[in-house]
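Work through the exercises below with the sequence and the coordinates at hand. Each task is followed by a solution in steps.

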Amino acid sequence: MFPEEALVNAVCECGMTLDRPRSRTQCSDCGTGMCRSCSIEVDGVTYCRWCVTSIGRAA
Ligand SMILES: [Zn+2]
Ligand SMILES: [Zn+2]
């Protein structure tokens, strides 16, 4: 669904540079690549901190 070609600019929204595209975390909702500190796992699905807020599933 989210071709990696579209994610070549591996920089997290928080400004953190992601030097290993394949190992970085990707949001299951919006597909945004993000650093570990910005990823949040909900029920086994990884979301970015922004989507977790928007879907209202943060504990
Ligand atoms: Zn980040
Ligand atoms: Zn997201």
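## Exercises on a predicted model

**Exercise 1. Locate Arg36 and decide whether Arg36 is buried or exposed.**

Step 1. Arg36 sits in the loop between S2 and S3. The model in which this is read is a predicted one.

Step 2. Arg36 has 11 C-beta neighbours inside 10 Å. The cut-off for an exposed residue is 12 or fewer, so Arg36 counts as exposed.

Step 3. For a distance across the chain, take Cys48: Arg36 and Cys48 are 12 residues apart along the chain, and their C-alpha atoms are separated by 9.4 Å.

**Exercise 2. Describe the order of helices and strands in the protein chain.**

Step 1. Count the elements: the protein chain has 1 helix and 4 strands.

Step 2. Read them along the sequence, which gives the pattern β-β-β-β-α.

Step 3. Add two totals for the protein chain. Of its 59 residues, 17% count as buried. Among contacts with a separation of 6 or more, 15% come from residues 24 or more positions apart.

**Exercise 3. Work out how S3 and S4 pair, and find the residue with a positive phi in their hairpin.**

Step 1. Strand S3 covers residues 39-42, and S3 pairs with S4 in the antiparallel sense over 4 bridges.

Step 2. Assign bridge partners in S4: Tyr47 is the partner of Ile40, and Val45 is the partner of Val42.

Step 3. Turn to the connection. The hairpin of S3 and S4 has 2 residues between the strands, and Asp43 lies in this loop.

Step 4. Check the backbone. Asp43 has a phi near 55°, a positive value in a residue other than glycine. Most residues other than glycine have a negative phi.

Step 5. Classify Asp43. Asp43 is exposed, because 6 other C-beta atoms lie within 10 Å.

**Exercise 4. List the residues of the largest nonpolar core and name the elements that each supply at least two of them.**

Step 1. The largest nonpolar core has 8 residues in all: Cys12, Cys27, Met34, Ile40, Tyr47, Cys48, Cys51 and Val52.

Step 2. Strand S4 (45-48) and helix H1 (49-55) each supply at least two residues of this core.

Step 3. Compare with the general tendency: in soluble globular proteins, nonpolar side chains tend to be buried together.

Step 4. Return to the hairpin strands. Ile40 and its bridge partner in S4, Tyr47, both appear in the list of core residues.

**Exercise 5. Place Met34 and establish whether Met34 is buried or exposed.**

Step 1. Met34 belongs to strand S2, residues 33-34.

Step 2. Met34 is buried, because 26 other C-beta atoms lie within 10 Å, and the cut-off for burial is 20 or more.

Step 3. Set aside the neighbours within four places in sequence. Met34 is then in contact with Cys12, Glu13, Arg24, Thr25, Cys27, Ser39 and Cys48. The residues Cys12, Cys27 and Cys48 are also members of the largest nonpolar core.

Step 4. Thr17 is 17 residues from Met34 in sequence, and the C-alpha to C-alpha distance is 8.9 Å.

**Exercise 6. Characterise Leu18 and Met16 in the segment before S1.**

Step 1. Leu18 is in the segment before S1, and Met16 is found in that segment too, S1 being strand 25-26.

Step 2. Leu18 is partly exposed, because 17 other C-beta atoms lie within 10 Å. Met16 is likewise partly exposed, with 15 such atoms within 10 Å.

Step 3. Beyond four places in sequence, Leu18 is in contact with Ala10, Val11, Cys12, Arg24, Gly33 and Cys35. Leu18 and Cys35 are 17 residues apart along the chain, with their C-alpha atoms separated by 6.6 Å.

Step 4. For Met16, take Ser37: the two are 21 residues apart along the chain, and 9.6 Å separates their C-alpha atoms.

Conventions. Residues are numbered from 1 along each chain as its sequence is written. Chains are lettered from A and ligands numbered from 1 in the order in which they are written. This is a predicted model: local features need pLDDT of at least 70, side-chain atom pairs count only at pLDDT 80 or more; totals for chains, interfaces and linings use all residues. A nonpolar core is a set of buried Ala, Val, Leu, Ile, Met, Phe, Trp, Tyr and Cys residues joined through C-beta atoms within 7 Å. Two strands pair if DSSP finds at least two bridges between them. Two residues are in contact if their C-beta atoms, placed from the backbone, lie within 7 Å.
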